[in-house]
Amino acid sequence: MKVILLGPPGVGKGTQAQKLQQERGLLQISTGDILRQAIKNQTNLGQQANDYLKRGELVPDDLMLSLIAETLFGDRAPQDYILDGFPRTIPQAEGLDKLFKQHGDNLDAVILLEADPQAIINRLSARRTCRQCNSVYNLLTNPPKHPQKCDACGGELYQREDDRIETIQRRLEVYTSQTAPLAEYYRQRGQLKTVSADGTPAEVFQRINDTLGG
Ligand code: AMP
């Protein structure tokens, strides 16, 4: 099964993708995580992407499309996965369609997570991420047992630089202008399913699971 998770930053895509990985065996492919890892390792990709992430802007489409082509259709191509953070623009979605066509493959579903913008700002500023395994917590709604330590691996929890209030605003604007139009793109293709992101992670997961079916 191949699924895209769409939705504004902070709506809970990462949390839900991790649950889908645990419960349904879909591999979580987070382009944000891949880019942050590349920046940490100071690879060529990391050097090219660093400034964009810092500013809350999108990394250019050609760079993202070659990254996704390699990740999805390279030597270690996964069978079942969930895309968390890709595509983020219409050209990325068109590029992905082309790749699927070339490889005789297709998408199973696109899930759009929807939430109220103020709730998103609150969630993002309370988000903490594990440096080691990328698990995501929220100090208000999904707190770790220990405020600075990951429950899953004991790694250090930190606040992403782009989760600070100045950058959050910019990321939400970028979402509205560049990523939100993807909902219409996939709706026209009959692939879009909308799920409310209100409530606890477990409640949202239940809705996603029902939407995907057995
Ligand atoms: P995320 O962890 O999904 O919130 O992504 C963090 C940042 O990585 C974004 O604000 C962008 O700078 C960059 N990024 C992640 N995925 C993409 C993408 N598909 N296209 C362009 N930039 C991306």
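## A tour from strand β5 outward

Start by selecting R128 and Y137: the bridge partner of R128 in β6 is Y137. This is a predicted model, in which local features need pLDDT of at least 70, side-chain atom pairs count only at pLDDT 80 or more, and totals for chains, interfaces and linings use all residues. Residues are numbered from 1 along each chain as its sequence is written, and side-chain values use heavy atoms, leaving out hydrogens and water.

A word on labels before we move on. Helices (H or I, at least four residues) and strands (E, at least two) are DSSP runs, numbered from the N terminus. Two strands pair if DSSP finds at least two bridges between them.

**Stop 1: the sheet around β5**

Now show β5, β6 and β7 together. They make an open sheet of 3 strands in the order β6-β5-β7, with antiparallel pairing. The edge strands, β6 and β7 (157-158), each pair on one side only.

Which residues does strand β5 cover? It runs over residues 127-130, and its antiparallel pairing with β6 has 3 bridges. Besides the R128 pair, select T129, whose bridge partner in β6 is V136. On the other side, β5 and β7 are joined in the antiparallel sense by 2 bridges; pick C130 and you will find L157 of β7 as its bridge partner.

Next, colour β5 by accessibility. Buried means under 20% relative accessible area, exposed over 50%, and partly exposed in between (1.4 Å probe, protein chains only). Are the faces of β5 covered or uncovered? Both are covered: R127 and T129 on one side, and R128 and C130 on the other, are all buried.

Follow the chain from β5 to β6 and you go round a hairpin with 5 residues between the strands. Stop at N134 in the loop between them. Its phi is near 70°, a positive value in a residue other than glycine. Most residues other than glycine have a negative phi, and most peptide bonds are trans. N134 is partly exposed, at a relative accessible area of 24%.

**Stop 2: two more backbone spots**

Jump to Q42, in the loop between α2 (31-40) and α3 (44-55). Q42 is not a glycine, yet its phi is positive, about 50°. With 60% relative accessibility, Q42 counts as exposed.

Then select F86 and P87. What kind of peptide bond joins them? A cis one, with omega of about -5°. P87 belongs to the loop between β3 and α5.

**Stop 3: helix α1 and Q28**

Zoom to helix α1 (residues 13-24). Its 12 residues should span 16 Å at 1.5 Å a residue, and the end C-alpha atoms are 15 Å apart, which agrees; the expected span is 1.5 Å times one less than the number of residues. Just after α1, click on G25, which has a positive phi near 70°.

Within α1, K13, G14, T15, Q16, A17, Q18 and L20 are buried. The elements that the buried residues of α1 pack against include β1 (2-6), β2 (27-30), β3 (81-84) and α9 (201-212); contact here means heavy atoms within 4.5 Å.

For a look at β2, select Q28, which sits in that strand. Q28 is buried, with a relative accessible area of 17%. Leaving aside neighbours within four places in sequence, its contacts include G14, A17 and Q18, as well as D84. Draw a distance between the side chains of Q28 and D84: a polar contact of 2.9 Å joins them. (A polar contact is a pair of N or O atoms within 3.5 Å; within protein, one must be able to donate a hydrogen and the other to accept it, and residues adjacent in sequence count only if both atoms are side-chain atoms.)

**Stop 4: the rings**

How many aromatic pairs does a search of the whole structure find? There are 2. Select F73 and F100 for an edge-to-face pair, 5.8 Å centre to centre with 85° between the planes. F73 lies in helix α4 (residues 61-73) and F100 in helix α5 (residues 90-102), so this pair ties together parts that are 27 residues apart in sequence. F73 and F100 are both buried.

Then show Y185 and Y186, an edge-to-face pair at 5.0 Å centre to centre, again with 85° between the planes. (Rings of Phe, Tyr and Trp, its six-membered ring, pair if their centres lie within 6.5 Å; planes under 30 degrees apart count as stacked, over 60 as edge-to-face and the rest as tilted.) Y185 and Y186 are buried too.

Keep Y185 on screen and add R189: its charged end sits over the ring of Y185, 3.6 Å from the centre. To finish, select R131 and Y158, where the charged end of R131 sits over the ring, 4.3 Å from its centre. A charge sits over a ring if NZ of Lys or CZ of Arg is within 6 Å of the ring centre and within 35 degrees of the ring normal.
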